[in-house]
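Here are a few exercises to work through with a structure on your screen. Take your time, and try each task before reading its solution.

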Amino acid sequence: MSEFHELHGERILVLDFGSQTTQLIARRVRELKVYCEIHPYNMPIAEIRNFNPKGIILSGGPASVVDPQSPRSTKDIFDLNIPILGICYGMQLMAEQLGGKVAGAKTREYGRTGLTPIEFADLFFGLDAVPSFQSLGALQVWMSHGDRIEELPSGFKPIAKSDSAPIAAMKHEEKKWYGVQFHPEVAHTLQGIEILRNFAINICGCSPEWSMHTFIDVTVQSIRERVSDRNVVCGLSGGVDSSVVAVLLNKAIGRQMTAIFVNNGLLRKGEAEEVQAVFADHFHLNLRYVDASRLFLDRLKGITDPEAKRKIIGNTFIEVFEKEAHEIGEVDFLAQGTLYPDVIESVSFKGPAAVIKSHHNVGGLPETMKLQLVEPLRELFKDEVREVGKELGLPHSIVGRHPFPGPGLAIRILGEITEDGLALLREADAVVNSELIRNNLYDKVWQAFAVLLPIKTVGVMGDERTYENVIGIRIVDSLDAMTADWSRIPYDVLSAMSNRIINEITGVNRGVYDISSKPPSTIEWE
């Protein structure tokens with residue numbers, strides 16, 4: 001899976017059994033500056049040996065070990081003579097495969113739970129023993145299980161207990177095999193990062209040397225070797241991912257990379273000018289700026305269905321991009337900002353028959369243009385990409401930018417897209433974000449934007465009746481966009497946003513704040 005497989009010689013392998021928090025395990029391990037990859041639970045033992053991990057983590061999962069059809073990794077991992085940590089389902093599977101007994105618990109444990117270590121050593125070394133949730137134990141952890149271990153395998157001993165699980169953690173001292181019934185990767189396990197640190201660094205012996213500085217050095221060299229004297233095109237949107245890819249390739253191969261920035265007329269206020277100033281003027285990228293706004297807006301005329309909007313915008317982008325790429329001349333590679341979560345989601349833990357989604361950031365281009373893909377960020381999580389951007393000298397206005405959808409403002413105008421509507425929405429969106437920046441809130445929320453609603457309401461301005469547009473304000477908190485909650489922005493900040501939008505933008509007489517969460521709502525309105 002990994003194009004840059006040799007980035008670091010000391011790495012941890014996570015075998016995924018379908019837990020909702022498997023990605024968090026890898027993110028937490030990488031926060032410790034230890035390289036880590038996720039692979040499906042059924043990864044063949046030959047591939048595991050080739051990966052050469054210094055330790056293995058078995059993730060949690062929704063299945064029950066009691067079910068004979070539940071997923072099982074090869075028992076050969078126990079012949080590798082390396083440390084293994086089982087988490088929740090992973091712990092129960094380890095116990096069952098090594099001869100222990102797992103059964104349904106009388107009381108299911110879910111949520112914050114008190115854990116009492118029998119000894120503060122190994123996994124629990126150096127932890128603070130303080131009364132935890134409702135004083136039920138010395139540590140607060142997060143449990144989510146209906147089964148429990150009734151009998152330990154030979155050679156194991158319990159190292160922690162909870163009210164409902166007398167064996168809430170276990171270890172085989174000689175083999176360095178460990179299991180925990182709780183989830184150390186989630187924030188609700190208050191000292192979970194220390195538990196993972198004890199495993200990855202103290203027990204597995206990994207050196208905390210994985211860094212974005214190292215990543216840049218190795219990746220630049222790898223790109224130079226692969227591309228040689230050939231040419232690369234890169235679709236630059238101005239977002240974090242494509243910006244980091246463009247600057248990384250510029251550092252590696254300079255003028256052999258052409259970044260194509262297509263202005264589709266659906267950008268935020270000042271975005272086209274900022275992209276040109278940053279990348280062409282400051283970084284001196286080989287930038288090809290294409291103003292195709294008229295083409296996009298003409299094709300979107302009269303279109304109200306959001307899916308139809310997306311298809312038109314996507315197909316038109318491909319058409320414009322392909323035309324510009326062919327005008328450049330002979331091109332061999334297409335650079336994309338594919339991230340590690342995209343890669344993980346494209347390889348389901350259930351195997352090839354259950355792929356969740358297949359990611360191609362520039363939809364269709366690899367097939368129509370027959371280019372080889374260069375995806376230098378495919379090993380990184382979003383927070384690591386931002387770190388790379390900082391290391392490369394990208395300004396905070398780009399590195400810290402909130403997510404922005406590919407169709408742009410088109411899906412933030414509910415109904416037909418018009419030039420007047422776009423102009424109005426750009427100004428409103430700029431007000432929302434400028435107020436967040438002015439109040440030091442922009443970097444504290446996941447995403448913030450304005451929405452132009454397809455309704456008009458009655459208002460009174462200057463003692464006269466008005467019948468004008470409504471702007472919705474959407475601000476959310478999230479960790480990964482899989483779930484999100486509406487942000488509790490101070491009332492005075494929301495008031496300033498609403499007042500400025502109504503007073504400064506002609507054609508608006510009402511502002512509303514979206515207080516729905518995901519799920520059941522989505523972050524975007526369309």
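The exercises below go from the overall fold to the cores of this predicted model.

**Exercise 1. Work out how the overall size of the chain compares with the globule rule.**

Step 1: Start with the elements; the chain has 15 helices and 18 strands.
Step 2: Take the radius of gyration, 26 Å, and set it beside the 24 Å that the globule rule gives for 526 residues.
Step 3: The two values are close, so the chain is as compact as a globular protein of that length.
Step 4: For the outline, the C-alpha atoms fill a box of roughly 80 × 65 × 40 Å along the principal axes.

**Exercise 2. Find what share of the residues is buried, and what share of the accessible surface belongs to carbon and sulfur atoms.**

Step 1: Count as buried any residue under 20% relative accessible area; 56% of the 526 residues qualify.
Step 2: Turn to the accessible surface, about 22900 Å², where carbon and sulfur atoms hold 50%.

**Exercise 3. Describe the largest nonpolar core and say which element supplies its largest share.**

Step 1: This core has 44 residues, and L436, I471 and I501 have the most contacts inside it.
Step 2: Elements giving at least two residues each include β15 (447–461), β16 (464–477) and α15 (491–504).
Step 3: The largest share, seven residues, comes from α14.
Step 4: Look around L436: beyond its neighbours within four places in sequence, its contacts include Y442, I475 and M497.
Step 5: Another core, of 42 residues, lies apart from the largest one, with F215 and V374 among its members.

Key:
Residues numbered from 1 in each chain as written. Predicted model: local features only at pLDDT ≥ 70, side-chain atom pairs only at ≥ 80, totals over all residues. Heavy atoms only, no water. Helix = DSSP H or I, 4+ residues; strand = E, 2+ residues; numbered from the N terminus. Rg over C-alpha atoms; globule rule 2.2 N^0.38 Å. Buried < 20%, exposed > 50% of the residue type's maximum accessible area, 1.4 Å probe, protein only. Areas by Shrake-Rupley, 256 points an atom, 1.4 Å probe, with all protein chains shown as cover. Core = buried A, V, L, I, M, F, W, Y, C linked by side-chain atoms within 4.5 Å. Contact = heavy atoms within 4.5 Å.
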